[in-house]
Amino acid sequence: FLGKLIRANELLAKKGLSGLIDKLFCHIRYNLKDKWRFIYFELDLTADPYSLPDMGESMVVRRAQSIDISKIKNELYPYLEDKQEFDKRYIDRIGEGNINCFIAEVDNKVVHYFIVFNEATYSPLMQTPFDKQMVTKKDAYMSSTFTIPEARGKWVVPYVILCIIDYFQKETNATRALLLVHENTPSAIGFFRRLGFEVIDDAY
């Protein structure tokens, strides 16, 4: 509660009363409607992932370190919208035990991030209506992702996901990755299906 009060005061100081009211209505809409429209996916990490041709040196994908936080802020934050505001609290915590962030760079500029949690039981997934009995200690959670407009449609996300899968398989105990997509983004739903993710039935 104290954390929410602090964020409300910060928002009031930054965007005024109208900004605070807008945020409050967004919060209410999310809890009453939007969060009940997620589609949950799972990916078997014990199976071989899909393959892609070598991307050469045109793009570098790597796990971000705490020293990258300022670079991410400088190069990606100007592109972020209100719906990515939630991600910033986790970007500030890159390098902490359960929180990781994978970034893609083109010409040494960050064009993409994908926030992941080694353990789904300690992630934002647990704040959604997902049936908690379905989550095990060997589940990882693939959370928020963002790509700048000019880098979209260039297969950035599939390459990044391959790196994330490789990390989960080699450096964690995870055997399954969980991910959610909002039902009003049918293109994203089809996209993750093509990458081998399967819809979890009766997830709520």
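Accessible area here comes from the Shrake-Rupley method with a 1.4 Å probe. On that footing, the protein chain in this predicted model has an accessible surface of about 11,900 Å², and carbon and sulfur atoms own 54% of that surface. Of the 204 residues in the chain, 43% are buried. Below is a quick tour of the fold, one asparagine, the aromatic pairs and the charged pairs.

**Overall layout**

- The protein chain is built from five helices and seven strands.
- Reading from the N terminus, the elements go α-β-β-α-α-β-β-β-α-β-α-β.
- Take the contacts in the chain with a separation of 6 or more: 75% of them come from residues 24 or more positions apart.

**Asn-98, a polar residue in a loop**

- You'll find Asn-98 in the loop that runs between α3 (85–91) and β3 (99–106).
- Asn-98 has a relative accessible area of 16%, and the cut-off for buried is under 20%, so Asn-98 counts as buried.
- Its side chain makes a polar contact with backbone on Glu-119, reaching the nitrogen there at 2.7 Å.
- A polar atom of the Asn-98 side chain also sits 2.8 Å from the backbone oxygen of Tyr-122.
- Setting aside neighbours within four places in sequence, Asn-98 touches Val-116, Phe-117, Asn-118, Glu-119 and Tyr-122.
- Put together, Glu-119 and Tyr-122 turn up both in that contact list and as backbone partners of the Asn-98 side chain.

**Aromatic pairs**

- The structure has twelve aromatic pairs.
- One of them joins Tyr-40 and Tyr-204, with ring centres 5.6 Å apart and planes at 80 degrees. Planes over 60 degrees apart count as edge-to-face, so that is the label this pair gets.
- Tyr-40 belongs to strand β1 (residues 38–44), while Tyr-204 is in the segment after β7 (198–199). The two are 164 residues apart in sequence, so their pairing ties together distant stretches of the chain.
- The two partners differ in exposure: Tyr-40 is buried, at 3% relative accessible area, whereas Tyr-204 is partly exposed, at 40%.
- Tyr-167 and Phe-168 form another pair, with centres 5.8 Å apart and planes at 45 degrees, so this one is tilted.
- Both of these rings belong to buried residues: Tyr-167 has a relative accessible area of 7%, and Phe-168 comes in at 0%.
- Tyr-40 and Tyr-204 are also part of a cluster, in which ring pairs link them with Phe-38 and Phe-130.

**Salt bridges**

- The count of salt bridges is eleven.
- Arg-62 and Glu-105 are one such pair, with their side chains meeting at 3.0 Å, N to O. Arg-62 is in strand β2 (residues 60–63) and Glu-105 is in strand β3, so the bridge ties together parts that are 43 residues apart in sequence.
- Arg-62 is partly exposed, with a relative accessible area of 26%, but Glu-105 is buried, at 7%.
- That pair is also part of a network of salt bridges, which links Arg-62 and Glu-105 with Asp-68, Lys-71 and Glu-75.
- Strand β2 has a second charged residue to look at: the side chain of Arg-63 meets that of Glu-171 in a salt bridge of 3.3 Å, N to O. Glu-171 sits in helix α4 (residues 156–171) and Arg-63 in strand β2, so the pair links distant parts of the chain, 108 residues apart.- Glu-171 is exposed, with a relative accessible area of 53%, while Arg-63 is partly exposed, at 28%.

**Lys-88 and its two partners**

- Lys-88 and Glu-85 meet through their side chains in a salt bridge of 3.4 Å, N to O.
- Both residues are in helix α3, three residues apart, which means about one helical turn separates them.
- Glu-85 is partly exposed, with a relative accessible area of 35%.
- Lys-88 also lies over the face of Tyr-77, at 4.8 Å from the ring centre.

Note on methods:
Residues are numbered from 1 along each chain as its sequence is written. This is a predicted model: local features need pLDDT of at least 70, side-chain atom pairs count only at pLDDT 80 or more; totals for chains, interfaces and linings use all residues. Side-chain values use heavy atoms; hydrogens and water are left out. Helices (H or I, at least four residues) and strands (E, at least two) are DSSP runs, numbered from the N terminus. Buried means under 20% relative accessible area, exposed over 50%, partly exposed in between (1.4 Å probe, protein chains only). A polar contact is a pair of N or O atoms within 3.5 Å; within protein, one must be able to donate a hydrogen and the other to accept it, and residues adjacent in sequence count only if both atoms are side-chain atoms. Contact means heavy atoms within 4.5 Å. Rings of Phe, Tyr and Trp (its six-membered ring) pair if their centres lie within 6.5 Å; planes under 30 degrees apart count as stacked, over 60 as edge-to-face and the rest as tilted. A charge sits over a ring if NZ of Lys or CZ of Arg is within 6 Å of the ring centre and within 35 degrees of the ring normal. A salt bridge is a side-chain nitrogen of Lys or Arg within 4 Å of a carboxyl oxygen of Asp or Glu.
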